[in-house]
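Reader: Could you walk me through how the chains meet and how a pair of helices packs? I have the model open and would like to follow along.

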There are 2 protein chains.
Amino acid sequence: MVKKVKVMQNVLKANDMYAEQVQLLLKKNHIKVFNLIGSPGAGKTSVLESILPILTKAGKKVAVIEGDCSTTRDADRVAALDVSVVQINTGNGCHLDANLIFKSLEEFDLKKLDIIFIENVGNLVCPAAFDLGEDAKIAIISTTEGDDKPLKYPRIFKKSDMVILTKVDLIPYTNFSMESFTEGLSSINTNYKLYPVSNTSMENIESVADYFLK
Amino acid sequence: MVKKVKVMQNVLKANDMYAEQVQLLLKKNHIKVFNLIGSPGAGKTSVLESILPILTKAGKKVAVIEGDCSTTRDADRVAALDVSVVQINTGNGCHLDANLIFKSLEEFDLKKLDIIFIENVGNLVCPAAFDLGEDAKIAIISTTEGDDKPLKYPRIFKKSDMVILTKVDLIPYTNFSMESFTEGLSSINTNYKLYPVSNTSMENIESVADYFLK
């Protein structure tokens with residue numbers, strides 16, 4: 001059931017011109033691509049683990065590009081769900097670049113795909129600056145990171161169509177205020193869709209999956 | 001009681017040669033400097049809030065340099081403890097650079113200081129690459145980020161003398177394994193000191209303060 005996980009070792013070079021090529025290639029193949037951005041441990045892989053079985057069951061053909069400084073741990077977790085995965089290890093690189101995405105696409109049979117998820121390197125700052133040819137950027141932030149993060153790291157929250165707030169099951173044990181969080185978020189982005197979820201209790205996971213089924 | 005918080009707006013430029021100048025200047029003034037690195041929401045500011053009163057009570061003269069993409073929130077929290085603070089807002093910059101630190105030092109009366117803490121931009125990747133003239137790098141990581149982070153983001157854990165593991169009070173509500181965490185950490189750094197703490201229950205906070213009193 002586990003598909004092959006390919007490791008592409010690369011030193012990142014800024015190369016934004018590839019983003020357009022990625023976009024053209026994917027549009028030609030009617031593939032939607034989403035760029036998932038969040039801190040280490042925000043729950044990016046967990047969200048994928050939660051929604052991928054729902055999307056697959058609904059008939060969507062999904063692939064994932066995993067970005068990490070090191071290891072194939074996230075790719076292994078996703079590959080276990082019978083989804084094609086390419087792992088990009090950036091070494092000390094702090095974000096994924098469009099030329100890396102362009103090269104990764106060679107590893108997939110694009111005619112057989114509907115959606116590609118790109119899980120960016122765990123980092124709330126740098127990945128926000130690099131377009132990868134995606135249809136939308138998605139910010140993933142956990143309640144345990146604190147309710148002040150949209151104001152302190154505005155760029156990604158400004159650029160995201162969808163904001164997934166993970167670990168809502170831990171709110172009772174923290175000082176996270178949903179009011180402060182949405183207030184901060186609304187002050188920098190007036191057009192976001194917020195999905196408060198838990199990958200433990202699976203709260204609201206269906207709604208997140210629905211976003212990608214539309 | 002609240003001292004003035006100065007905001008220095010800067011676009012970051014790589015400039016490692018300043019690190020040596022920072023080091024020389026601080027050594028001359030018998031000041032120890034520590035570079036705190038961790039993800040957004042790892043608890044860097046909270047650790048400072050917990051230990052600063054202990055250090056001040058013990059007679060240490062402490063100052064803080066706060067790095068953030070945006071806002072003076074962290075600086076305001078620290079300044080409330082009657083500690084001199086300089087805020088550096090990096091805009092979209094993902095790390096602090098030694099030339100920014102060098103300029104910030106002009107804001108302090110160095111003859112009256114024993115310790116300077118630099119709270120880097122919330123980011124587990126980029127800040128690890130930039131020496132700021134510090135005596136030691138300190139990694140701050142929260143249990144809610146997951147036990148796999150040392151293996152996935154090895155650079156900072158390799159370079160840190162001290163690792164502060166925050167939010168241990170939340171372990172019962174997560175799948176964090178202390179065994180996996182220390183196993184991963186030990187595989188990339190054989191000479192670290194680990195401090196598992198909670199800024200909520202104040203567990204082990206005295207031990208962390210002791211490290212800086214030695």
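Author: Happily! This is a predicted model, where local features need pLDDT of at least 70, side-chain atom pairs count only at pLDDT 80 or more, and totals for chains, interfaces and linings use all residues. Residues are numbered from 1 along each chain as its sequence is written, with chains lettered from A and ligands numbered from 1 in the order in which they are written.

Reader: How many residues does the contact take from chain A and from chain B?

Author: Residues are in contact if their C-beta atoms, placed from the backbone, lie within 7 Å. On that basis, chain A gives 31 residues and chain B gives 31 residues.

Reader: Which helix of chain A supplies the largest share of the side that touches chain B?

Author: Helices here are DSSP runs (H or I, at least four residues), numbered from the N terminus. Helix 5 (149-152) and helix 6 (154-159) of chain A each supply at least two residues of that side. The largest share, three residues, comes from helix 5 of chain A.

Reader: What relation links chain A and chain B?

Author: Copies are superposed by least squares on the C-alpha atoms of residues with pLDDT of at least 70 in both. A rotation of 180 degrees with 0.0 Å of shift along its axis brings chain A onto chain B (RMSD 0.0 Å). The relation is therefore that of a two-fold axis.

Reader: How far apart are the axes of helix 2 and helix 8 of chain A?

Author: Axes are lines fitted to C-alpha atoms, for helices over the stretch in contact, and angles run from 0 to 180 degrees between N-to-C directions. Helix 2 (residues 44-57) and helix 8 (residues 205-213) of chain A pack at about 60 degrees, and their axes are 9 Å apart.

How values were computed: Contact = placed C-beta atoms within 7 Å.
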